[in-house]
2 protein chains.
Amino acid sequence: MEEVAISVLVSSLNPQGRESARDTVYRALRHDILHLILKPGTKMSEQEVSERFEVSRTPVREVFMCLMQDGLVEIYPQRGTYVSLINLEYLEEGRYVRELVETAVISEAAGRLSEDDLFRLETTLAAQEISCRNKDYLRMLALDDHFHATIFRACGRARTWEAVSQLSHDFYRARVLRLSHDFNWDTIVRQHYAIFEGLRKGDKEQVARVVREHLRMAIMDRERLRKEFPDYFVQP
Amino acid sequence: MEEVAISVLVSSLNPQGRESARDTVYRALRHDILHLILKPGTKMSEQEVSERFEVSRTPVREVFMCLMQDGLVEIYPQRGTYVSLINLEYLEEGRYVRELVETAVISEAAGRLSEDDLFRLETTLAAQEISCRNKDYLRMLALDDHFHATIFRACGRARTWEAVSQLSHDFYRARVLRLSHDFNWDTIVRQHYAIFEGLRKGDKEQVARVVREHLRMAIMDRERLRKEFPDYFVQP
DNA sequence: TAAGGTATACTAGTATGGCAGTTTCGTGCT
DNA sequence: AGCACGAAACTGCCATACTAGTATACCTTA
């Protein structure tokens, strides 16, 4: 059921439907990095990955390049490729831009969504409630992003969402990191409902306010995170 | 003297200083596509490119991948790779996001720039006046971007600028296209001066207003462009 | 024992060849 | 003349071999 997140992330790889070895490896590694299965700072050898996926080094190499462009790995020629560390400055930058763009886009969307769009959002909300009850946090995270992505797409801003997401990789990883701890997803679901209602009623003020609140809530205690996982972060 | 633009564009390819064959080809092709030397819709064969740059097909392949991620080419497996057409929707989307982000960032920057930053901006302005007098339009374009990039970088938002630029490739190509026609760069330089003054005085209102005006001015007559270069654009 | 230099085992970068699709164009048949 | 078929010439995809640069462990030497 990871497809919710993945379909958003990859999408633009192959104009046709077919999936190359490259796409497979790219999806897998990207997923593993974003979900901290591959921990920041880990060394990734082309050889090792090519053996794990049973492909040659060529597609792996290309995947590494893409991941570097995404800012997810760093390649040091003749030395090695490493999962990039989480950069708190990048994190804040991503969050800031997202707040900026999303409040604007969502105000624009208020009252303009089609019945179809609203249905999609409501369905996602239902899924969120279930996942929340089951304490399936990773799926919650995916659905959270899916909710926001749907709104962007509904206003014809799919590319904007992708660009903003691109900038928010460290934000995402930090959110995953925080999952191991507490955190009340109830609040998030409630906020989503508030956004949904605001969108339906067309209340620009409300949706902008809630979204801002929603994203600011995600400003977690960074120092604590850094204390707890010191070698996951770049030192300032 | 293209370095002004290029250094901004590439930057993050190689953590070290050295440049691989891949980087060279990437830079060159990217430049050629953005400046319409390679026209939208052109077929690009791996073979042809590898011969032109006297490298093997492997780095060329990798460059094609990167360009696809940038949205500058489209790869159809077993058929060919083509320079992507300009999409007016993407163009407007890029312009919209840029307006949104840049007005916010620049208001934030007002009154907070260091002497060093202001000096850099003023130097760029001087260069612009010269290029304007010489009617060196391509350099004007590069300097225009450089001016804005400098502001972003000065507020520690370099990555934001890159992400926004990424989204603005079609916007950029359209600007290049328009260069062949009229257009009063004087106005642009004057606006830049106004921005500069506003930044120095710390007048948030002024800079935001001018930037918005500045970017809206770039809303060119799209229909005319499409009429004139019909096969450069995707049909809606 | 400690320091320095060298050999070796890595790394990523590049070149090349073979494969499997797709397109194109020429040939032969109707 | 027009249409269908097939061969050939592309395309990108992947595997493999080789090059060159880097880190490290070990051995030599002072």
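Hi everyone. Let me start with a term: a polar contact is a pair of N or O atoms within 3.5 Å; within protein, one must be able to donate a hydrogen and the other to accept it, and residues adjacent in sequence count only if both atoms are side-chain atoms.

What we have here is a predicted model, where local features need pLDDT of at least 70 and side-chain atom pairs count only at pLDDT 80 or more, while totals for chains, interfaces and linings use all residues. Residues are numbered from 1 along each chain as its sequence is written, chains are lettered from A and ligands numbered from 1 in the order in which they are written, and side-chain values use heavy atoms, leaving out hydrogens and water.

So, DNA strand C. Which part of it does a polar side-chain atom of B:Thr58 lie 2.9 Å from? A base nitrogen. The phosphates have partners too: one phosphate oxygen is 2.7 Å from a polar backbone atom of B:Ala21, and a phosphate oxygen is 3.1 Å from an N or O atom in the side chain of A:Thr81.

There are 21 residues around strand C, and among those that come nearest are A:Arg61 and B:Arg79. Around means near, with a heavy atom within 4 Å. Sugar and phosphate account for 64% of the strand C atoms that come within 4 Å of the protein.

How do the residues of this surface divide? Into 5 nonpolar, 8 polar and 8 charged. Here Asp, Glu, Lys and Arg count as charged, Ala, Val, Leu, Ile, Met, Phe, Trp, Tyr, Cys and Pro as nonpolar, and the others, Gly among them, as polar.
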